[in-house]
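The following exercises are to be worked with the sequence and the coordinates at hand. Each task is followed by a solution in steps.

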Amino acid sequence: MPSLALKNLFYDKVRLAVTLVGIIFSVVLSSVQLGLFVGFQRATSDILFYSNADLWITSENVTHAEDGVPFSEKKLYKVLGSPDVERVEKQIVQFANWKKPNGADTGILLVGGNLDGGMGVPFKIVRGNIEDLNKPDAVMVEELYADKLGVSEIGETVEIGGFRAEVVGFTRGVRSFTTSPPVFTTFKNAQNFFGLPEDQTLYLVVRAKEGAELQALKTDLKNRVSNVDVYTRMEWTNKQRNYWMFGTGAGITVLIAAALGLLVGVVVVAQTIYAATVDHIKEYGTLKAMGATNFYLYKVIITQAFLSGLIGYAIGMSIALVVSYISQQGTTAIILPWQLVLALFGLTMIMCIGASVVSINKVTRIDPAMVFKG
Amino acid sequence: MNKAIEVKDLVKTYGSGETAVHALKKVDLNVFEGELLLLLGASGSGKTTLISIIGGILSATSGSCKIRGTEIVGLPQSKLPKVRLDNIGFIFQGFNLFPALTAQENVEITLDLKGIKGRKAKRKSTELLERVGLGDKLKSHPSDLSGGQKQRVAIARALAGEPHIILADEPTAALDSESGKLIMDLLQELAHEQKRSIVVVTHDNRIFDYADRIVEIEDGRIQDAETEKHGDGESLHIPTEMIEQGANA
């Protein structure tokens with residue numbers, strides 16, 4: 001059988017190019033917008049997601065990580081009283097003031113954890129050693145924001161909250177959703193920089209014993225420790241994401257942009273495929289007159305739409321992945337997890353096939369005069 | 001002679017109420033095996049509607065239309081493709097070839113619909129194209145062919161399904177007289193030598209001589225139907241107006 005779908009597709013190169021450009025545009029647009037959304041979402045919460053803690057304990061009614069309310073460190077001992085707790089550490093995540101070497105001020109997100117516990121400590125380190133953070137006043141800076149912070153080398157000194165701080169290393173890829181870059185240090189240093197009283201902490205991070213059931217441990221800790229909220233790492237991460245993405249104007253803007261990107265993409269794909277199918281309507285009418293069944297027509301039309309979608313998606317997603325890679329060298333990352341890549345493939349194919357099926361209605365309602373007249 | 005097409009009291013009305021258009025008004029028409037019938041009529045007279053119903057593309061409002069004894073009025077839509085595929089070949093004024101396919105592939109499409117594939121399809125499509133004088137144009141695309149050659153590919157495509165009936169809509173309208181003559185010679189040969197029934201809708205007075213019978217349709221009604229027959233010694237009837245038109249052309 002001569003593959004009518006395949007030959008139709010490749011015969012008219014200009015029409016093929018127009019169809020593919022529509023699909024490619026739509027795939028790139030949807031991918032970039034949704035990738036930006038994912039990138040922003042992660043930027044809000046990577047510090048929590050990669051904290052390596054099983055549970056986070058906060059003061060009651062804290063809405064997001066940067067809004068921590070101090071509480072007594074004595075609660076740490078009550079937490080330790082739980083048989084399912086392996087380790088508990090104090091943790092600080094809070095905005096602070098950074099004075100650059102040239103004297104200018106800027107805001108930072110100070111993250112202080114206990115290195116021994118291995119929870120809430122720097123990750124994605126590209127320069128320096130984590131042990132160097134044990135030095136007094138030592139901090140690690142995110143390389144992507146080095147210019148903004150006015151530092152570029154290990155050993156440079158700045159001021160945080162009026163106290164001297166020395167850069168001992170750099171991370172790469174820990175982004176911030178706000179304008180305040182993340183700066184890592186120890187809990188003790190952070191306590192000084194932030195001016196938190198000795199017996200206070202903003203958070204407790206908990207590692208459960210192996211095999212412990214986290215929801216049960218959460219309930220146990222909530223009963224043991226008064227006036228706190230207990231979250232699993234993912235619950236806390238999601239709360240943080242929801243706060244920034246849905247509780248603030250900034251997040252909603254990104255979300256709306258992503259939704260619009262997706263919508264425009266869907267419309268462009270549908271319109272493009274519909275037009276491409278309708279362009280061949282007379283041929284389908286002829287086939288029908290010749291005795292082709294609806295199933296035969298559907299097969300030709302859907303195959304053509306599927307091939308267009310497949311080629312358009314492959315090119316479009318390749319472009320989007322390159323854009324994503326380039327973006328990840330900067331502070332605004334377009335992140336395309338495999339689930340999103342797969343979902344967009346499904347969506348593209350559904351839209352292509354869906355639009356072609358809609359246009360089939362035109363074939364079934366075709367005016368016979370259209371077939372008979374030149 | 002056996003009737004290949006038997007139309008009785010055929011009515012087709014588009015729309016309803018005051019805006020209804022009565023395209024066919026109780027049309028009676030028989031077409032016999034081995035007959036080449038010309039269907040004449042002005043624009044809007046109902047001839048395209050009539051061959052659309054005979055061809056099983058359009059549903060009639062009422063009446064009867066039998067294709068080789070099978071009633072197609074009232075037949076479910078799902079059954080019509082098989083009736084078309086088994087019985088009818090179409091030839092269109094605009095050729096309606098698939099531009100992306102070669103001449104051979106255009107013919108193979110019909111064979112594919114009939115379930116004939118691979119080498120057998122290649123062999124048969126080659127034979128058919130050789131029969132219409134296009135043995136050297138198997139790999140040519142329609143855009144590389146002249147109007148007459150395109151119509152011959154269309155005839156080969158129509159013949160690929162081995163239909164008993166061929167419905168041709170203005171097959172010579174877009175052709176010069178020589179190409180038109182070649183096409184009509186072919187259609188006449190198919191009717192007389194292979195006993196196929198051929199209905200040609202036309203305005204082209206150059207081809208009247210090829211007709212076994214000429215039927216005129218006017219305002220949804222057949223004029224002078226089956227009054228004169230060619231073959232078996234009977235004389236050919238051509239409506240007077242058409243002769244005048246031909247003389248004036």
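## Exercise 1: a long helix in chain A

Helix 2 of chain A is mostly covered, with 26 of its 37 residues buried. The model is a predicted one.

Task. Determine where helix 2 of chain A bends, and which residue caps its N-terminal end.

Solution.
1. Helix 2 of chain A comprises residues 13–49.
2. The bend is found at A:Ala43 and amounts to about 45°.
3. The N-terminal cap of helix 2 of chain A is A:Asp12. A side-chain oxygen of A:Asp12 lies 3.2 Å from the backbone nitrogen of A:Val14.

## Exercise 2: the largest cavity

Task. State how many cavities of 30 Å³ or more a search of the whole structure finds, and describe the lining of the largest cavity.

Solution.
1. The search returns seven cavities of 30 Å³ or more.
2. The volume of the largest cavity is about 100 Å³.
3. Its lining includes A:Met290 from chain A, together with residues of chain B, among them B:Arg84, B:Phe90, B:Thr110 and B:Arg157.
4. In chain B, helix 2 (80–87), strand 6 (88–91) and helix 5 (147–160) are the elements that give two or more residues to this lining.
5. By class, the lining residues of the largest cavity are seven nonpolar, three polar and two charged.

## Exercise 3: strand 7 of chain B and its partners

Task. Establish which strands pair with strand 7 of chain B and in what sense, and decide whether the residues of strand 7 are buried or exposed.

Solution.
1. Strand 7 of chain B spans residues 165–169, and five of its five residues are buried.
2. In a regular strand, side chains alternate between the two faces of the sheet.
3. In strand 7 of chain B, B:Ile165, B:Leu167 and B:Asp169 point one way, while B:Ile166 and B:Ala168 point the other way. All of these residues are buried.
4. Strand 6 of chain B pairs with strand 7 of chain B in the parallel sense, over four bridges. In this pairing B:Ile91 stands opposite B:Ala168.
5. Strand 8 (residues 197–201) of chain B is also parallel to strand 7 of chain B, and five bridges join the two. Here B:Asp169 stands opposite B:Val201.

## Exercise 4: an open sheet in chain B

Task. Give the strand order of the open four-stranded sheet in chain B and identify its edge strands.

Solution.
1. The order is 2-1-4-5, and the pairing is antiparallel.
2. Strand 2 (21–32) and strand 5 (70–71) of chain B are the edge strands, since each pairs on one side only.
3. Strand 1 (residues 3–14) of chain B is joined to strand 2 of chain B by eight bridges in the antiparallel sense. B:Lys3 stands opposite B:Phe32 in strand 2 of chain B.

## Exercise 5: classifying individual residues

Task. Classify B:Thr126, A:Asp137 and B:Asn96 as buried, partly exposed or exposed, and give the phi values of A:Asp137 and B:Asn96.

Solution.
1. The cut-offs are under 20% relative accessible area for buried and over 50% for exposed, with partly exposed in between.
2. B:Thr126 has a relative accessible area of 18% and is therefore buried. B:Thr126 belongs to helix 4 (residues 118–131) of chain B, and its side chain reaches the backbone oxygen of B:Lys122 at 2.6 Å.
3. A:Asp137, at 24% relative accessibility, counts as partly exposed. The residue lies in the loop between strand 5 (125–127) and strand 6 (138–142) of chain A. Phi of A:Asp137 is near 70°, a positive value in a residue other than glycine.
4. B:Asn96, at 7% relative accessibility, counts as buried. The loop holding B:Asn96 runs between strand 6 and helix 3 (103–113) of chain B. Its phi is positive, about 55°, although B:Asn96 is not a glycine.

## Exercise 6: exposed residues and C-alpha separations

Task. Find what separates the C-alpha atoms of A:Asn223 and A:Leu255, and those of A:Thr179 and A:Asp54.

Solution.
1. A:Asn223 lies in helix 6 (residues 214–224) of chain A and is exposed, with a relative accessible area of 64%.
2. The C-alpha atoms of A:Asn223 and A:Leu255 are separated by 37 Å, and the two residues are 32 residues apart along the chain.
3. A:Thr179 is placed in the loop between strand 8 (163–171) and strand 9 (182–186) of chain A. A:Thr179 is exposed, at a relative accessible area of 62%.
4. For A:Thr179 and A:Asp54, 125 residues apart along the chain, the C-alpha separation is 28 Å.

Technical notes:
Residues are numbered from 1 along each chain as its sequence is written. Chains are lettered from A and ligands numbered from 1 in the order in which they are written. This is a predicted model: local features need pLDDT of at least 70, side-chain atom pairs count only at pLDDT 80 or more; totals for chains, interfaces and linings use all residues. Side-chain values use heavy atoms; hydrogens and water are left out. On a 1 Å grid over the protein atoms alone, a cavity is a set of points where a 1.4 Å probe fits but cannot get out, and a pocket is an open set with protein on both sides within 12 Å along at least five of seven lines; lining residues have an atom within 4 Å of a point. Grid points are joined across faces, edges and corners, and a volume is the space filled by probe spheres set on the points. Ala, Val, Leu, Ile, Met, Phe, Trp, Tyr, Cys and Pro count as nonpolar, Asp, Glu, Lys and Arg as charged, and the others, Gly among them, as polar. The bend at a residue is the angle between axes fitted to the seven residues ending there and the seven starting there. Buried means under 20% relative accessible area, exposed over 50%, partly exposed in between (1.4 Å probe, protein chains only). A polar contact is a pair of N or O atoms within 3.5 Å; within protein, one must be able to donate a hydrogen and the other to accept it, and residues adjacent in sequence count only if both atoms are side-chain atoms. Two strands pair if DSSP finds at least two bridges between them.
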